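Biologist: I should be grateful for a close look at a single part of this structure, followed through to its surroundings. Please state the criteria behind each term as you come to it.

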Amino acid sequence: MKLKTIIAFIKCEIKRYYREKILLFWLLIWPLIWILMTAYVFVPPTTTNQFINLNIGVINYDKSNTPFNGTTFIKILREIEYNGTRIFSISEYKTVEEAVQNLKRGILDALIIIPEDFGFEIFNVISSVEIKVYVGAKTPQTKQITETIITSVIRGFSEEISSERVKYILSYIPEEYRYWSKIVLKNLVNPVNMSIGYILPEVFQERSRIIGWYTIGAIGMLFLYTGFSSGSTMIISEKERGTLKKLLSTPLTASEFIIGRMISLMIPMLISTIILILISISPIIGAHITFNPTNPIHILSAIFIVCGALMSISIGAIISMIAKTREGASSMGVILGLLLSFTTGIWFPIEWMPQPIRILAKIFPPAWSIEISRRIIVFEPPYETLLIDTIKIITSTIILLTIAITIYKKTIQKQMEI
Amino acid sequence: MDYIVLLDKVSKYYNGFKALDDVSLSIKRGEIYVVLGPNGAGKTTLFNIIAGVLKPSSGFVKVFGVDPSDPKIHHKISYLPSTSILYPWLTSMENIEYYASIYGLEKDVLKERSSELFDYFGINDLKFKLASKLSTGQSKLISIIITLIVKPELIILDEPTTGLDPNMRRKILDLIRKLSIENATVMFATHIVNEAEELMGRVAIMDRGKIIVEGGVEELKKSYAPPSVITIKTFEEYIDKASTILKHYCNDVFTINDELRIHSNDPDMDMPKYILKLSESGVKISSVKIDNPTLEDVFLKLTGRGLRE
């Protein structure tokens, strides 16, 4: 295939994006809006670590006048901080019904019921206290988070009380037996010692890296809706414009035409990717993306990005088999593209999806290319761990490209027969 | 014989409809081959098959000795379909460069030839205008430049003058004649009689998917048209009545819009008679004249219908 022809196709396509403003919107403005939203809405500038504020309802039945009672427990809850930010917003309720109503309405994340004689029981070394906790769910994700946080707080509080009780009992034990008594008592009240720690990847500790993570997602989104849409309309738009007949009468073979056009569709997507990354790492957005062109593993991530673009155009070819008109194909491409970018782990973490939908990410090759590119940029894994993924992505790109070329050829063939 | 285009019993069906019916033809190098016929006659189908963009349902087609769908011979062919070939977001010049690149035309050659053609048509102001801003006629001119700039051996033009003013039409016909003299083979589809006659090539008259006659313009007229044609113009409300009256005196009475064309061997005798009969019947006449026959009359004689119907 002549390079001159490919260049002609590419020039034609780039000029189209430059002159048809609506395409420029989808290719540049929309991802840019998305990145800005990421930087200022999804990952706001205050973010240093994942932070959550819970609305907690409390009903205090405790009337004890001990030094530590229900009221002091509520005060402690109010003052618990994480990275300088208070975790709980406490509202006190008189009745369970009212608080439960608010839980059901999603106003509260959880309800804590402090029982009668809470203070007395705390100071009574031979009794235990039961705090009732009802966990609500403002969103499917917050239920799990709320439960984890409250469990940790109450467990921590319980350990603190146990420790104080041990100290109190030890004060009645003669000095020479205290050492062994302390060990026995501690093990009795705390049969399982637990400490919660967090080992987060570097990427999730800094806002700039979180935005970087989302930037790769935005590229994936861009590929899906523009790739699907342009791939699905590649032949039909030439036909509707009337240019297909002329092109078929030129010295171009069907394969040259298809490959040339696919490359020309891919180039604006890659240009847009570069612009998106440049904007993302600019001081306005401040994303941190590690890319070193001398590092072969980073080059590999760029290859995976190209594979992602080619695969999405190829899937567009499959869509073209169903759609009859350019408008139909384009709409179907955009809708499917957006839908899959949200459900296959490209934009939202796959862990947020229900189990059956997670299967989609496992069988959807463009999601693999985005996922692996991300992994390279985030974790810089060793080469050997990428071997299987590389084979998977390259093979699926070749398979999808072959399917697309076959479909396009058949479409052209059909045009020549009807 | 050096035939550039050769068709033998070529047919084409679209969902059972026969768009092309056993068409056979042969065109020699340097010939101008005009296909004249009304809309829907099968001209576009025929040209699409010869240009290699459509496969026939049956029959044998050879262009430059091979199947026309073979891209190997496409550098010798330049086809201007009746539909638009321009990309609306590109300027005229960018569209020309785009297609020229596909044909592998060198930049300096492209520059020289495009300047020649833009000068010839006097449309230099359109060079950098977006195709989406061009009128139908202007788009046609740019498409013609795209078709001719590659200097093909076989030029296939499907209704190339649609939307053009008479001056531009004349320029195109002159250019085609010139290219033919330079040994280019030209196929030209039209439904305009004057164009077919002015090109002075071989004319194939097509109707309902068939080539009904073929030959030189004068040869066709001599064989199928009368010596003279009486043209009577009347008003819409009288046209059917006038036609019925005249058919009592002559078999070859044809209606085209508000005009009656009556084929006559002796117009000086027939004309006063026809006027008298129409006047007696209360038909109002707006004009009467005696014409030489055209290819339209050949078509009328052979099909009983006008090309413009």
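Modeller: The account that follows concerns chain B, beginning with one of its helices and moving outward.

This is a predicted model, in which local features need pLDDT of at least 70 and side-chain atom pairs count only at pLDDT 80 or more, whereas totals for chains, interfaces and linings use all residues. Residues are numbered from 1 along each chain as its sequence is written, while chains are lettered from A and ligands numbered from 1 in the order in which they are written.

The starting point is helix H1 (43-51) of chain B. Helices (H or I, at least four residues) and strands (E, at least two) are DSSP runs, numbered from the N terminus. Nine of the nine residues of H1(B) are buried, so this helix is largely enclosed by the rest of the structure. A residue is buried if 20 or more other C-beta atoms lie within 10 Å of its own, exposed if 12 or fewer, and partly exposed in between, with C-beta atoms placed from the backbone. The buried residues include Lys43(B), Thr44(B) and Asn48(B) as well as Leu46(B), Phe47(B) and Ile50(B). After H1(B) comes Gly52(B), with a positive phi near 85°.

Within this helix, Ile50(B) repays particular attention. Setting aside neighbours within four places in sequence, Ile50(B) is in contact with Val5(B), Val61(B), Val63(B), Pro68(B), Ile156(B) and Met187(B); contact requires C-beta atoms, placed from the backbone, to lie within 7 Å. Ile50(B), Ile156(B) and Met187(B) are also the residues with the most contacts inside the largest nonpolar core, which has 152 residues. Such a core is a set of buried Ala, Val, Leu, Ile, Met, Phe, Trp, Tyr and Cys residues joined through C-beta atoms within 7 Å. The largest share of this core, 16 residues, is supplied by helix H8 (residues 207-241) of chain A. Apart from it lies another core, of 13 residues, among them Val58(A), Ala99(A), Leu103(A) and Ile112(A). In soluble globular proteins, nonpolar side chains tend to be buried together.

Two of the contacts of Ile50(B), Val5(B) and Val63(B), are themselves bridge partners, Val63(B) lying in S4(B). Strand S1 (residues 3-14) of chain B and S4(B) run antiparallel and are joined by five bridges; two strands pair if DSSP finds at least two bridges between them. Their open sheet has three strands in the order S2-S1-S4, with antiparallel pairing. Strands S2 (17-28) and S4 (58-63) stand at its edges with a single partner strand each, so one side of each has no neighbour in the sheet. From one strand to the next, the twist averages 15°; axes are lines fitted to C-alpha atoms, for helices over the stretch in contact, and angles run from 0 to 180 degrees between N-to-C directions.

H1(B) also takes part in the meeting of the two chains. In total, 26 residues of chain B are in contact with 23 residues of chain A. On the chain B side, H1, strand S5 (77-80) and helix H2 (92-102) each supply at least two residues, and H2(B) provides the largest share, four residues. By class, that side has 15 nonpolar, nine polar and two charged residues. Here Ala, Val, Leu, Ile, Met, Phe, Trp, Tyr, Cys and Pro count as nonpolar, Asp, Glu, Lys and Arg as charged, and the others, Gly among them, as polar.

The helix and the sheet described above fall within domain 1 (3-221) of chain B, the other domain being domain 2 (226-292); these bounds come from an automatic or database domain assignment. The C-alpha centres of the two domains lie 37 Å apart.

Further along chain B, four strands form an open antiparallel sheet in the order S11-S12-S10-S13. Its edges are S11 and strand S13 (285-291), each with a single partner strand, so one side of each is left without a neighbour in the sheet. Strand S10 (residues 228-234) pairs with S13(B) over six bridges, and Ile232(B) stands opposite Val288(B). In the hairpin of S11(B) and S12(B), two residues lie between the strands, and Asn257(B) takes a positive phi near 55°. Helix H10 (residues 295-303) of chain B lies across S10, S11 and S12, at about 85° to S12(B).
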